[in-house]
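Q: Please take a close look at a single part of this protein. Pick one helix, and explain what surrounds that helix and what lies beside it in the chain.

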Amino acid sequence: PKYKWVERLLEYQRKMKLLSTYVVGFEERMVYGVMNPSFLQTGTTSGRYSSRAPNWQNLPRDEKRIKACVISRPGKVFVGADFSQLEPRVFAYLSGDEALKAAFNGTDDFYSVIGAAVYDKTDCVPRKDGSPDAFGIKYKKLRDLSKVIALATVYGATSRQLASTTGKSPEETQQDMDNYLNRFPGVKKLMLESHTSAKKDGYVKSLFGRPRRIPQAKNIEADAKHGELPYEMRSLLNLSTNHRVQSTAASIVNRAMINFHKMKEEIVPTARLVTQVHDSLIIECDAEDAETVSVLLQEAMENTTALPGVPLEAKPLIG
């Protein structure tokens, strides 16, 4: 901040990176105005697709002008849908915790349910309707913290790692994490089950049977306390929980793609699944078929896989 030219130089470098990667780089890869990125079915251990040449799943989030350049062909439109909070829904289901599963009843906000319990706030409701008494309105900062605590704790982050994000001391952050695990015991049960399976068998499986092999975990003593293990050993056990959640979510997306393809072949064969970006699916179709494709896409994403007690949600948009 002492020298204005340094700030401007850094800004210049950021914009040159965007220009070279996402403008010039894309122009050089386009064939007759069409981009054809590659999607790799075996690019990750979880079963999620990855992308390259170019990485179509990593377009800039903050620079809106890049995504604005991605348009459908003449006479076509995009129909896209994004799974709402897919990984939280999966880990709520896998945990079996009734309070977490109930958070997806359609009116509650998942992170407000967690936040109100963790921070013991009884003067609000965990609704997502934007009312003045909603936890997310009265305690917006605490809701943001709840999101960090909810996801990071499941994947094995330590209080010291999270302290820089929460803005609290490691001791205060640990208290929040303990409150979370005590109020929602199913989460702790999910983590312990994953760690036990990894140490006993040397692998864990997703809900659909996809294995993640962690043979080194068999060297960890069965009764060893997680927090006292060396970093490398903790990381192995953290992978076991991570895989069960992320791989299950990946299979839900992949199964939805397959089912959509089967359904559209009979009704709208000209519609094409052109992009998968993490939990989003994007279809290109004729403008007059957009409403039909929307119905098929929502049906495929919400009902191909059932997680009893935890409904899946994916609302299509046309653009």
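A: In H5, the buried residues are Phe110, Tyr111, Ser112, Val113, Ile114, Gly115, Ala116 and Val118. That is eight of the nine residues of H5, so the helix is mostly covered, given that buried means under 20% relative accessible area. The model is predicted.

What supplies the cover? The elements over the buried residues of H5 include helix H3 (86-95), H4, helix H6 (135-138), H7 and H9. Two of these partners can be described in detail. Two packed helices are described by the angle between their axes and the distance between the axes.

Take H7 to begin with. Helix H5 (residues 110-118) packs against helix H7 (residues 140-154) at an angle of about 95°. Their axes are 8 Å apart. That makes H5 roughly perpendicular to H7, because angles of 65 to 115 degrees count as such. On the H5 side, the residues that meet H7 are Tyr111, Ser112, Ile114 and Gly115. On the H7 side are Arg143, Ser146, Lys147, Ala150 and Leu151.

Now H9. H5 and helix H9 (residues 170-183) pack at about 110°, and 9 Å separates their axes. H5 is therefore roughly perpendicular to H9. Ile114, Ala117 and Val118 of H5 make this contact, together with Asp176, Asn179, Tyr180 and Arg183 of H9. Ile114 appears in the contact with H7 and in the contact with H9.

Next come the ends of H5. Just after the helix, aspartate 120 takes a positive phi of about 55°. On the other side, the loop between H4 and H5 holds aspartate 108 and aspartate 109. Each of these has a salt bridge.

Aspartate 108 pairs with arginine 127, and their side chains meet at 2.4 Å, N to O. Arginine 127 sits in the loop between H5 and H6, while aspartate 108 sits in the loop between H4 and H5. The pair links distant parts of the chain, 19 residues apart. How covered are the two partners? Aspartate 108 counts as buried, at 13% relative accessibility. Arginine 127 counts as partly exposed, at 35%.

Aspartate 109 pairs with arginine 143, at 2.8 Å, N to O. Arginine 143 lies in helix H7 and aspartate 109 in the loop between H4 and H5, so the bridge ties together parts 34 residues apart in sequence. Both partners are buried. Arginine 143 is also one of the H7 residues that meet H5.

H7 has a salt bridge within itself too. Aspartate 144 bridges to lysine 140, with the closest N and O atoms 3.4 Å apart. Both lie in helix H7, four residues apart, which is about one turn of the helix. Aspartate 144 counts as partly exposed, with 37% relative accessibility. Lysine 140 counts as exposed, with 54%.

H4 is among the elements that cover H5, and one of its residues can be followed further. Lysine 101 is found in helix H4 (residues 98-102). Lysine 101 is buried, with a relative accessible area of 16%. Leaving out residues up to four places away in sequence, lysine 101 touches Ala92, Tyr93, Gly96, Pro308, Gly309 and Val310.

Now step back to the whole protein. There are twelve helices and eight strands. The C-alpha trace spans about 60 × 60 × 50 Å along its principal axes. Of the 319 residues, 44% count as buried. Among contacts with a separation of 6 or more, 58% come from residues 24 or more positions apart. The salt bridges come to 18. Some are joined up: Arg48, Glu87 and Asp279 form a network.

The outer surface gives a contrast to H5. The protein exposes about 17900 Å², and carbon and sulfur atoms supply 53% of that area. One surface patch is nonpolar, with about 890 Å² of accessible area, and includes Tyr3, Trp5, Leu9 and Met16. Methionine 16 lies in helix H1 (residues 4-29) and is partly exposed, with a relative accessible area of 35%.

Key:
Residues are numbered from 1 along each chain as its sequence is written. This is a predicted model: local features need pLDDT of at least 70, side-chain atom pairs count only at pLDDT 80 or more; totals for chains, interfaces and linings use all residues. Side-chain values use heavy atoms; hydrogens and water are left out. Patches are made of residues with over 30% relative accessible area and no salt bridge: like charges are joined within 9 Å, nonpolar side chains (Val, Leu, Ile, Met, Phe, Trp, Tyr) within 5 Å. Accessible areas come from the Shrake-Rupley method with a 1.4 Å probe; for residues, only the protein chains shown count as cover. A salt bridge is a side-chain nitrogen of Lys or Arg within 4 Å of a carboxyl oxygen of Asp or Glu. Helices (H or I, at least four residues) and strands (E, at least two) are DSSP runs, numbered from the N terminus. Buried means under 20% relative accessible area, exposed over 50%, partly exposed in between (1.4 Å probe, protein chains only). Axes are lines fitted to C-alpha atoms, for helices over the stretch in contact, and angles run from 0 to 180 degrees between N-to-C directions. Angles under 35 degrees count as roughly parallel, over 145 as roughly antiparallel, 65 to 115 as roughly perpendicular and the rest as oblique. Contact means heavy atoms within 4.5 Å.
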